[in-house]
Amino acid sequence: MPDASIKWETISFDGYAPARLAGAGGTLNLYKGVISETSSDDGAEEVEVTLKAVPPGRAASVISDAEATSGVDIAIGFEQVFVSAPDWDLSLDESGNGAAVMQLFGGAWNDLLYVTIAKGVASDPVRFAGQDFSAPRLFRQLDGSYRILARGDLDGLVSIDPARPTAEPTWIGAWRSALSLDIGGGESAWLFQEISDVGPLSPVGIGAAPVLLGIGPTGKVPGAGDDILGGAPIFEFAAASSHEGVLVFATGPGGIHAAAIDVHGAETQIAVGTPPGILSSPSVALLSDGQGSFDGVLTVLHLKENLSAEGVSFARVPFAGSASPAPAA
Amino acid sequence: MPFVYLLAHAPGDVEQLVLLGQRVFIQTWAGSKKIRGQIPDHAGQWVLPGGAHGKDQDPAMALRAMVLAETGMRLDDPVARTNYDIGEPKLHRLEDRDYNPFTVVEYPFSASGLRRFADAIDGNIQKLSMQDCLFAKAGIPRRTEALEKLGPVLPPQSGWQTFIVKNFYGGTPPGPFNTEVDTLTAQITASTKQSGAWFEQAIEELIPEGSVEPPVSKSKLVGLRVEGATSTGMDAYQAQYGGTAVRVTALFDPPPVGEMPAITWSGATQSAGATAEVALDRVTAKGRPRTVKAESGGDSRQIALTIIPELVGFDVENAKKIGEKEQVPLYAAVYSEEGPDVVVTLKLRPNNSEAFEAVIWEGGSPVSGNPAKRTISRGTVVDPKSPVRIKASVNPEIEMAVIVYAHLTGIEIRNAPSRQVAGTNYSIDYQAGAQATLRGVLTPDRPQSYLYLNWDTGEQHTRDITINRHPISAPGVFTNHTVTQTIGDENVENVSIGIEVVPTVQSLGYESFAFRDNTNAWYSYAISNQFGLPNHIPAQAIAVTDPDTAPAWQHLVWANDSAPGRTDNRRLVYLDGAAAVQLQARSNSANPVAAPLTIKNVQQWPVGTPQIDVRRITFSGGRSVLREDGVNFGNAYGRVWQPGQTVPQTYTRNTNVGLQPVFRVNTAGTGIAIDVRATLFLPLADGSFHTMIWSWNNIASANGATADLAPAAANANVTLPNQVVHGDPVRFLWEMRATGGHDGNWTLFDVTSHQIYLTYADPANGDRLPGGGASNYWTVLKLSCAAADGQAGNAAQLKAAIYSAFAQFAGGGLDPASGDNPGALRAWDNARMTYWTRRPPQQRLNTMLSAAPAGGTISCACGAWAELLIAMFAAHGEATPRKVSVEPNAAVSGAATGFMVSNWTFHAPPPASANAYTHDRGAPATAVAGTATWGSGVVAQNNQTPPERFGNHFIVYDTAGGLAFYDPSYGSPVVNTAAAYVTAASAGLSRGANPQLGFSVAAGAANNILKLRRLTVLHDLN
């Protein structure tokens, strides 16, 4: 499939990675973390990170339905010792309820802060400490509660139950990142990257590793997985699921990748082309196409040399949960 | 009260002459003191000397005492009686008409004697010191005149009061109420009117009228008194020429009264009375005396008088006066066999032959025809204890002495190669443990010549001293040695020499980029700007000196020096073009050692050989270096190098390096086989080079063939050096010749440049390094080998050297102005690695080394810096250092969210607390009570203003060889306990968004406010 089948809309973006799609249906918006840094009279740095919806501008045609509503700011006021751009994740439903998780910089390593969100208003944060946490991701369980998946410096991938802040994290695997998605039927799809022995030093690029897929009963962690995306080295990946399957969107040394995977694990590569520049923070969400199926909304940031973002590209791909995505609209 | 008066008289021409004295009007002396003035008895009258005396006093004695007091004359002195012809006294007791007794003592004089007596009284009156001077003057009138002079004095016309005002008050009336003037006037009026009856009675009764013949003397000549000469024996005297005349006085017994008996003198000339004089205007002949004789009345007396010349002294030629010994002038003369003698000339007064006839000489040699001179030969050195003496005697005598000493002409250096540098400064060659001799050069050079030598080293009476031929002198600093000829206290000669101990140049040769040909001569190639090399590629020469030390090298003087002013033993010769270079080195004044270097053009192909260059080199042994750029991170650079590529290699020290080259044939040969060799001059930390050679011989090449030549892999002739080496860049010099040629036939055909890093040991897996601990990354090797360049000792030294790369001010590594660590550059892109200059920083080594830089820098957090240090240790086989976490100790304060980097100041009150959050954060540069402020100055890697607080921190901890805590983010000094780290690194704990600060370490908070943990085992270190 020619690249021209996917149309990317790019708008300016002022901020830092990550950028995440959150919400559903008419409340789907792209959020970014806005760092407010103030210096009080006594010179103290007071840092707050607020998750704000990015006005889609001309990308509205990609991301929104006609009745779409613009997102509300979600202020998560954490004291950060340092001015920096933490990694975070956000999950919202159509009502604006959900949760957020964010790194808290300590200088050497990072704790995690977790808030629940009710109609756009964040609760007091809960802090999780003990090792250097990175790449925090939320996944919503069948009962609507959330768990945090994060890479722990000591243990690899762990699962944290926000309801039990003092409990030891649950070890998931010698993974460097993972997503868990409900695909219906009592099963979940796990997308993960293993920690390679060669390590940060993947022979094909720093931080790049193949993404594996494991499908199994919800609550069970797969012991192994199969390569997806052709086994290509991947820096970052995002995914969204329906009961039809999983839509994966990833960046790697070779560009960006997208694939639709059905509930049986059958994968269909989606040719999405590659926008120019340093790409980071892929995000994906599903929107109903109004015809009983879903389209996938993809976003990816364009970074400048100093790692701040200068733009974000939006694209919409058909995702019907089948191996044969629909032609471009 | 009895009175006594003197009646001195002498025969006159007509009448007897009488001695009278005229009293003063106002007496100004009394009892030997000056007084204001009083009116004496008989004021202004002529009277006989004398006056009232004590009842119990003998009148004659009382009179003599009063005459002495009033006139200064002694009547009973024999000399005076002789000089003034005073006869025997006679005492007369008289009574006046009223039967008042008074006494008169009559003294007969000769006329001349009385005249001289009166003159002497007048002379004494003028002396202010004379006691009780009552007389204004003395006189010797005839008897009749004397009687007329006696009695009252008429008042002056203006009256006595005017007289008193003028003479007592100095002409100024004392005032209308003064009564003293009236008293004085009454006194003088009465005194001047006093009667002179007693005086008239004495004269009239005791002195007959008319002239009286002098009595015939009965005195006999009994001896001669000699003045102005020295008695030398019975009636023998000696006087020195030129003095006051000798006076000889005839002595009579009893003394003559009246006229002096006639005296006939011989040998002297009568002068006055009984005295004759002998003039001292010529010496007596040949020292023999003359006779002075007096005859009187048939008696005679005589003396022998010798007049000697005056011994003025000696004039000494050809010798120098050096002092006196036992009051004898001592002279020193330098030895001379041919020079003039010491000439001693006696100086006399008078300076005539008659005088010299009186001289008796001892010592020296006479000079014919010159009685004033003696000579002493300088041809014999004499013992200082027995100088040659010359004595000239005329009784008395004078003496002088001469010491002849050897001539000191210089100092000679023996037992060491030496040379004159300038003037009296010499250099001698260094030799460990050896000594040189300094010898005083003397003429004549005989043992007795050494007796006067005195070295400034304290050695005496010896011509030789020894000096060390070590250590090396500072260049241009000469140690002075002086030898002095000392005679008595006089330094008569000295010579000095300056000695500089200089190294010897043992050899001068080349240690890099130069070769020896078949005649052992040095040659190199003009490779600058060739083969992709920069300009000014140098060959390095080294001079080997004895001693071979830095102080010795400062003495080196170079010719054709490419680096004048350098003080080491190495010089560079730039290989910029074909040339014949005559590099020379010498130490001070020594003959130079030369190292001629012939610089040849490259690629002077032997006839018939293929013309080749290096197409490829495959390294073996050692290890691959890993790439760091983002795309290829972790990939090996591999072992195959090709022109234009950067393929760094790493080896463990003291291992071998295998090379397998492939040569491209650019121009075919005629089938002549070739030899190829590659030479690596590996630069070492001490500035020297380790030379390694790879050889491939008899490489066949067919006639006309252009196929690559691929000889087998070969190891070098020697292993790599046994030390860490930062070989970046190093160059292989590729030479070829026709097989069978000699070392003069080589020609250089290519130069290849490489990066080779030699580690202390095989690499180990470092703690918690990304990728399981691999440490062969280019930056890790480059930084660690540069820091540890030359390390060959032990692990502790290795680690100290590696950590020195992180040192800040204490180690001198950071620029104190900018905080820059100039060495903290990534190898592959020269990006500057910093600490917290941009956020978010890189937390791990992999991203530290690979992430894209911003503005030429890559901001890294403590974890990355800790891993970099661990990787640098591990690259050299040191795997024990661990990555350690630092965080607020929850056991101390569960509320703490961060700790304060050192250099905070707590401003009181309240006082900083050891266990409570007492202070708020204060604005910088303020000092408000209850706040704490952070001062700048905690400099981190390439960042002068790192964060003031942290939630946590990574450092490096090592147990091997004793505990050590490294903080590579700051490069601060290593500490050996966790408590010491806490104290050095932190000021206290903080909590909250607008932090409350406290738990001040300075206030005594336990130094466990931070918890240090080894992350891998999760146990506490403190």
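This is a short tour of chain B in a predicted model, with stops at three strands and a pair of helices.

**Strands**

Select residues 101-108 of chain B, which form strand S9. Then add residues 3-10 of chain B, strand S1. S1(B) and S9(B) run parallel and are joined by six bridges. To find one of these pairings, pick B:Tyr5: its bridge partner in S9(B) is B:Val104.

Keep S9(B) on display and add residues 90-95 of chain B, strand S8. Here the pairing is antiparallel, again over six bridges. Pick B:Lys90 and look across to S9(B), where its bridge partner is B:Glu106.

Next, show the connection between S8(B) and S9(B). The two strands form a hairpin, with five residues between them. In the turn, select B:Tyr99, whose phi is positive, at about 65°.

**Helices**

Move to residues 159-167 of chain B, helix H5, and residues 180-191 of chain B, helix H6. Two packed helices are described by the angle between their axes and the distance between the axes. For H5(B) and H6(B), the angle is about 120° and the axes lie 9 Å apart. H5(B) is therefore oblique to H6(B). Their crossing is right-handed.

Which residues meet where H5(B) packs on H6(B)? On the H5(B) side, select B:Trp160, B:Gln161, B:Ile164 and B:Val165. On the H6(B) side, select B:Val181, B:Leu184, B:Thr185, B:Ile188 and B:Thr189. Coloured by class, this contact shows six nonpolar residues, three polar ones and no charged ones.

Notes. Residues numbered from 1 in each chain as written. Chains lettered and ligands numbered in written order. Predicted model: local features only at pLDDT ≥ 70, side-chain atom pairs only at ≥ 80, totals over all residues. Pairing = 2+ DSSP bridges. Helix = DSSP H or I, 4+ residues; strand = E, 2+ residues; numbered from the N terminus. Axes fitted to C-alpha atoms, helices over the stretch in contact; angles between N-to-C directions. Parallel < 35°, antiparallel > 145°, perpendicular 65-115°, else oblique. Left-handed = near helix turned anticlockwise from the far one by under 90°. Contact = placed C-beta atoms within 7 Å. Nonpolar A, V, L, I, M, F, W, Y, C, P; charged D, E, K, R; others polar.
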